[in-house]
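Subject: Structure for you to look at

Hi,

Here is the structure I promised to pass on. Open it up next to this email, and then read on for what I found.

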Amino acid sequence: MILIVADHKDGALRKSTLELVNAARALAEGLGGEVAGLAIGDSRAADALAKLVPRVYSVTGEELAEFRAESYTTVVSHVAKEKGAKAILISASRAGLSYSPRVALRLGVPLLEDVIYLEVEGEHVIAKRYSYLSRVTETVRAESLPVVVSVKPNTFPAAPAGESGQVETLAVPLGERDSRVKVGEKSKAIIGRVALEEAAVVVAGGRGVGSAEGFTELLEPLADVLGAGIGATRAVVDAGWRPHAEQIGQTGKTIAPNLYLGLGVSGAVQHLSGMNRAKVVVAINKDADAPIFKVADYGIVGDLHAVVPPLIEALKTVKE
Ligand SMILES: Cc1cc2nc3c(=O)[nH]c(=O)nc-3n(C[C@H](O)[C@H](O)[C@H](O)COP(=O)(O)OP(=O)(O)OC[C@H]3O[C@@H](n4cnc5c(N)ncnc54)[C@H](O)[C@@H]3O)c2cc1C
């Protein structure tokens, strides 16, 4: 059995969970056995997962309502062992990266981390991942099963819903070590904008935006009218105009939106590798020879400071 651990929020599955399903199906074909899901802390997520995989294990409880690396480690290790998982797939989100190594350690099994590609050769799981600040793509092979695999978000296609699976409720005993870290107060996100990795539309700004104010005065209003997530190039992040969490590219996030708008982005390979899964690419750049135009479906050659304000007004009119 290949076990995937659901990434969810407010009862809904995150897109990364749908990607795990696809990755797991590929492994199940090679290793044999079915794909099963594990939803921790919210039975609504278990029900949603049962629309994607034939069997879902649901583990809930007061102490599991909040994500905690320690308790997730215990639950995932327990279920994987009890149910005989050959591979345990976890999204390489910030949370996933914090507990997947612990699960591997607890079970004493190999870990393939932040992978972008998976295949099976005999009894071996083989993966690709970026290394050395993403300058190198390396191939790694787990020498034994089971194996823990964390999967880089937005690198596998999302699986469509379709199955009608069974949900089985399990009880996993938690101990003192599972609650050594408690989540205190949480401040609300400053802007309730859609998360970059999940966004169907992304507005990305490059050095051509000119300043941090350029982002607040042009990019943010454009993103608001489109209901889009905001992204940036490394040049922008290095300049301190936007946080690293918004960086798209080899050393940033990988995105796969339906629509990507690049404003003042030159289109360096390191940036393109993070957004080349976008379905439609629109570029606004004052340099007609900018490499971004080679990958763009639509392009506007012009100064973004002149182009964006009327674009925002036009989009507002269309929405009304
Ligand atoms: C190991 C390594 C890892 C890296 N990882 C990443 C990564 O993860 N993500 C990433 O983005 N980069 C990454 N880079 C950096 C990358 O190589 C580029 O330097 C960077 O992407 C360039 O950012 P930019 O397009 O904003 O800036 P520039 O290359 O300076 O381009 C600015 C563009 O804006 C246009 N422009 C200027 N003014 C205007 C205007 N008023 N109106 C319209 N257009 C205008 C210009 O014509 C130009 O094309 C990495 C580099 C290395 C070596």
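Let's start with one pair of residues: A127 sits opposite V140, which belongs to strand 10. Before going further, keep in mind that this is a predicted model.

So which strands does that pair belong to? Strand 9 covers residues 124-131, and six bridges tie it to strand 10, with the two running antiparallel. In general, strands in a sheet pair through backbone hydrogen bonds, and they can do so in a parallel or an antiparallel way.

Now zoom out a little. The sheet here is an open one made of three strands, in the order 8-9-10, with antiparallel pairing. Strand 8 (117-121) and strand 10 (136-141) are at the edges and have a single partner strand each, so each of them has one side with no neighbour in the sheet. Going from one strand to the next, the twist averages 25°. There is also a helix packed on this sheet: helix 1 (residues 15-31) touches strand 8 and strand 9, and its direction makes about 10° with that of strand 8.

Next, the domains. The domain assignment gives domain 1 (2-179) and domain 2 (196-319). Their centres, taken over C-alpha atoms, are 32 Å apart. Where they touch, domain 1 puts in nine residues and domain 2 puts in eight residues. The domain 1 side of that contact has three nonpolar, three polar and three charged residues.

Then there's the ligand. Where does it lie relative to the domains? Both domain 1 and domain 2 give residues to the shell around it, so the ligand lies between them. There are 31 residues around the ligand, and the ones that come nearest are G206, G208, R234, G249 and S266. The elements giving two or more residues to this shell are helix 6 (234-238), helix 7 (269-275), strand 16 (280-285) and helix 9 (304-319). Sorted by class, the shell has 16 polar, nine nonpolar and six charged residues.

Finally, the whole thing. In total, the protein has nine helices and 17 strands. Its radius of gyration is 21 Å, close to the 20 Å that the globule rule gives for 320 residues, so the protein is as compact as a globular protein of that length. Along the principal axes, the C-alpha atoms fill a box of roughly 60 × 40 × 35 Å.

Have a click around, and write back with any questions.

Cheers

Notes
Residues numbered from 1 in each chain as written. Predicted model: local features only at pLDDT ≥ 70, side-chain atom pairs only at ≥ 80, totals over all residues. Near = placed C-beta within 6 Å. Helix = DSSP H or I, 4+ residues; strand = E, 2+ residues; numbered from the N terminus. Nonpolar A, V, L, I, M, F, W, Y, C, P; charged D, E, K, R; others polar. Domains from an automatic or database assignment. Pairing = 2+ DSSP bridges. Axes fitted to C-alpha atoms, helices over the stretch in contact; angles between N-to-C directions. Contact = placed C-beta atoms within 7 Å. Rg over C-alpha atoms; globule rule 2.2 N^0.38 Å.
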